[in-house]
Amino acid sequence: MTESNARISKAVVPAAGLGTRFLPATKATPKEMLPVVDKPAIQYVVEEAVAAGLSDVLMVTGRNKRPLEDHFDRNYELEQALSRKGDEARLARVQESSDLATMHYVRQGDPRGLGHAVLCAAPHVGNEPFAVLLGDDLIDPRDPLLARMVDVQEREGGSVIALMEVAPEQIHLYGSAAVETTGEDDVVRVTGLVEKPDPADAPSNYAVIGRYVLDPAIFGILRQTGPGRGGEIQLTDALQKLTEDEKVGGPVHGVVFKGRRYDTGDRGDYLRAIVRLACEREDLGPDFRAWLRSYVTEEM
């Protein structure tokens, strides 16, 4: 078992997917760069990691993902142009992304699944527990899920995954967790995992969503994990191995999330996320809500 009590400081953000559900928009633009109101989705994810105290961020990228690196880099020409115009507000917003965190990048190369993407982070992470944040899941900053997961991991050791109750007919879209209760309402012990099961075979309606805090023992298991569902190396399969033998990498716990989550990997949820976040913005909300109310009334 590794030294799981080390303070977590590193986050891994897999971002090598092709974004086929958003074609043709993602033919030349990474899906992670699609705007949610006026920030790309990936910036919300990095902001979440930083808010949880993880300022060292490794992004696992692939071909055609250079705009991700450019977004978190400095743009001196743009900054100078805004400075000459005296546009301090926009200048601050441009500089915000480049000042967020210490960013690192590694290419996945061959897209062999989430488990393989996480394995690409092994040289950077080393023998430390670390967080994984999937770019399709946006968690509202008012619901600090990742910070709660970090707290549980630092207390219990091992790994912690984020769970959310879904309708039984939706569980085939997620990994499904078999769980046991603990003394805390929002924390469960995970005893098994199945990737995208048929509803009749699902151990529960607790779905795994895109936040993980992992013991580095996961790397050794991933190296021995063959392709699973979809012909890809599944992180869920490796986590299942951890639930079978606590001596390998400690226990696996789940934090049951009941807050606000936006799935930007689905076109409908992506649009709903934009509407919700725009409605809550002080600078956009009042006018946008009034227009939306009028529009819905006319359409109904």
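This briefing covers aromatic pairs, nonpolar cores, helix packing and salt bridges in one structure. The model is predicted. A search of the whole structure finds four aromatic pairs, and the structure holds 22 salt bridges. The largest nonpolar core has 49 residues, and a second, separate core has 33.

**Aromatic pairs and a charge over a ring**

- Among the four aromatic pairs is that of Phe 22 and Tyr 270, which is edge-to-face because the ring centres are 5.4 Å apart and the planes stand at 80°.
- Phe 22 belongs to the loop between strand E1 (10-14) and strand E2 (35-36), and Tyr 270 to helix H11 (residues 267-280), so this pair ties together parts that are 248 residues apart in sequence.
- Both partners count as buried because each falls under the 20% limit: Phe 22 has a relative accessible area of 11%, and Tyr 270 has one of 12%.
- Phe 288 and Trp 291 make a stacked aromatic pair, with 5.8 Å from centre to centre and 25° between the planes.
- Phe 288 and Trp 291 are three residues apart in helix H12 (residues 285-299), which means that about one helical turn separates them.
- An α-helix has 3.6 residues a turn, so residues three or four places apart point the same way.
- Phe 288 is partly exposed at 24% relative accessibility, and Trp 291 is partly exposed at 48%.
- Tyr 295 joins Phe 288 and Trp 291 in one aromatic cluster.
- A charged side chain also meets a ring: Lys 39 lies over the face of Tyr 44, 4.4 Å from the ring centre.

**Nonpolar cores**

- Within the 49-residue core, the residues with the most contacts are Val 46, Met 59, Leu 133, Leu 145 and Val 213.
- Helix H1 supplies the largest share of this core, with six residues.
- Apart from neighbours within four places in sequence, Val 46 is in contact with Val 57, Met 59, Phe 72, Leu 100, Ala 101 and Met 103.
- The second core, of 33 residues, is separate and includes Leu 119, Leu 163, Val 190 and Val 256.

**Helix packing and a buried threonine**

- The buried residues of helix H4 (residues 88-98) are Leu 91, Ser 97 and Ser 98.
- These residues cover an arc of only 130° around the axis, so they lie on the same side of H4.
- The buried residues of H4 pack against three helices: H1 (41-51), H2 (66-71) and H3 (76-84).
- Thr 243 sits in helix H9 (residues 235-244) and is buried, with a relative accessible area of 18%.
- With neighbours within four places in sequence left aside, Thr 243 is in contact with Val 190, Thr 191, Gly 192 and Val 252.

**Salt bridges**

- One of the 22 salt bridges links Asp 70 to Arg 66, with the closest N and O atoms 3.4 Å apart.
- Asp 70 and Arg 66 are four residues apart in helix H2, so about one helical turn separates them.
- Asp 70 is partly exposed, with a relative accessible area of 43%, whereas Arg 66 counts as exposed at 52%.
- Arg 142 forms a salt bridge with Glu 280, and their closest N and O atoms are 2.6 Å apart.
- Arg 142 lies in the loop between strand E7 (137-139) and helix H7 (145-156), while Glu 280 lies in helix H11, so this bridge ties together parts that are 138 residues apart in sequence.
- Arg 142 is partly exposed, with a relative accessible area of 45%, and Glu 280 is partly exposed at 42%.
- Arg 148 forms a salt bridge with Glu 184, the closest N and O atoms being 2.9 Å apart.
- Arg 148 is in helix H7 and Glu 184 in the loop between strand E9 (175-181) and strand E10 (187-195), so the pair ties together parts that are 36 residues apart in sequence.
- Arg 148 is partly exposed at 24% relative accessibility, and Glu 184 is partly exposed at 28%.
- Salt bridges with shared partners join Arg 148, Arg 155, Glu 156, Glu 184 and Asp 186 into one network.

Definitions and conventions:
Residues numbered from 1 in each chain as written. Predicted model: local features only at pLDDT ≥ 70, side-chain atom pairs only at ≥ 80, totals over all residues. Heavy atoms only, no water. Phe/Tyr/Trp six-rings, centres within 6.5 Å; stacked < 30°, edge-to-face > 60°. Helix = DSSP H or I, 4+ residues; strand = E, 2+ residues; numbered from the N terminus. Buried < 20%, exposed > 50% of the residue type's maximum accessible area, 1.4 Å probe, protein only. Lys NZ or Arg CZ within 6 Å of the ring centre and 35° of its normal. Contact = heavy atoms within 4.5 Å. Arc of directions from axis to C-beta. Core = buried A, V, L, I, M, F, W, Y, C linked by side-chain atoms within 4.5 Å. Salt bridge = Lys/Arg side-chain N within 4 Å of Asp/Glu carboxyl O.
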